[in-house]
Amino acid sequence: MKNTTPVSKIMTRKPATVAPEDHLETVRIIFEVHGFHHVPVVENGQLAGIVSYTDYLRVIRDLYGN
C-alpha cells in the first residue's frame with residue numbers, strides 16, 4: 001500500500017457505534033466481537049466522541065484497582 005492510498009480504501013464503512021448513555025459492557029462487547037480498537041460515540045446522528053481500547057482499560061483499572 002502506498003502513502004497515496006485514499007483512506008476510503010481502508011476505512012470501516014459501517015462501524016459499530018455507541019450512544020453516550022450506553023454502558024461500558026456494550027463497548028467491551030464491540031471490542032471483543034468486532035476486534036475494533038476504537039468505538040465512535042454518536043449522539044443525534046452526530047459524532048460526539050470516540051472511546052479507545054486504552055480509554056476502556058483505564059476506566060476498568062480505576063474501577064477494579066488492577
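A salt bridge is defined here as a side-chain nitrogen of Lys or Arg within 4 Å of a carboxyl oxygen of Asp or Glu. By this rule, the count comes to four salt bridges. The structure is a predicted model, in which local features need pLDDT of at least 70 and side-chain atom pairs count only at pLDDT 80 or more, while totals for chains, interfaces and linings use all residues. Residues are numbered from 1 along each chain as its sequence is written, and side-chain values use heavy atoms, with hydrogens and water left out.

Two of the salt bridges involve arginine 28. The side chain of arginine 28 meets that of glutamate 25 at 2.5 Å, N to O, and that of glutamate 32 at 2.6 Å, N to O. Helices (H or I, at least four residues) and strands (E, at least two) are DSSP runs, numbered from the N terminus. Glutamate 25 and arginine 28 are three residues apart in helix H1 and are therefore separated by about one helical turn. Glutamate 32 and arginine 28 are four residues apart in helix H1, so about one helical turn separates this pair as well. An α-helix has 3.6 residues a turn, so residues three or four places apart point the same way.

Accessibility was described by three classes: buried means under 20% relative accessible area, exposed over 50%, and partly exposed in between (1.4 Å probe, protein chains only). Glutamate 25 is partly exposed, because its relative accessibility is 42%. Arginine 28 is likewise partly exposed, with a relative accessible area of 26%, whereas glutamate 32 is exposed at 59%.

A further salt bridge joins arginine 58 to aspartate 55, the closest N and O atoms being 3.4 Å apart. Both residues lie in helix H2, three residues apart, about one turn of the helix. Arginine 58 has a relative accessible area of 40% and is therefore partly exposed; aspartate 55, at 29%, is partly exposed. In contrast to a single pair, Glu25, Arg28 and Glu32 are joined into one network by salt bridges that share partners.

The buried residues of H1 are Val27, Ile30 and Phe31. Seen down the axis of H1, these residues fall within an arc of 95° (the arc of the directions from the helix axis to the C-beta atoms), so they line one face of the helix. On the other side of H1, Glu32 and Val33 are exposed. The buried residues of H1 pack against strand S1 (38-43), strand S2 (46-52) and helix H2 (53-64), where contact means heavy atoms within 4.5 Å. Just after H1, glycine 35 takes a positive phi of about 75°.

In soluble globular proteins, nonpolar side chains tend to be buried together. A nonpolar core is a set of buried Ala, Val, Leu, Ile, Met, Phe, Trp, Tyr and Cys residues joined through side-chain atoms within 4.5 Å. The largest such core has nine residues in all: Ala16, Val18, Val27, Ile30, Phe31, Val39, Val41, Val51 and Tyr56. H1 and S1 are the elements that give two or more residues to this core, and the largest share, three residues, comes from H1. Leaving aside neighbours within four places in sequence, valine 41 is in contact with nine listed positions, namely Val18, Ala19, Pro20, Gln46, Leu47, Ala48, Gly49, Ile50 and Val51. Serine 52 lies in strand S2 and is buried, because its relative accessible area is 13%. With neighbours within four places in sequence again left aside, serine 52 is in contact with Phe31, His37 and His38.

On the surface, Leu24, Val59, Leu63 and Tyr64 make a nonpolar patch of about 410 Å². Patches are made of residues with over 30% relative accessible area and no salt bridge, like charges being joined within 9 Å and nonpolar side chains (Val, Leu, Ile, Met, Phe, Trp, Tyr) within 5 Å. Accessible areas come from the Shrake-Rupley method with a 1.4 Å probe, and for residues only the protein chains shown count as cover. H2 gives the most to the nonpolar patch, with three residues. Tyrosine 64 is found in helix H2 and counts as exposed, because its relative accessibility is 64%.

Threonine 12 is found in the segment before helix H1 (24-34). Its relative accessible area is 45%, so threonine 12 is partly exposed. Threonine 12 and glycine 65 are 53 residues apart in sequence and 34 Å apart in space, C-alpha to C-alpha.
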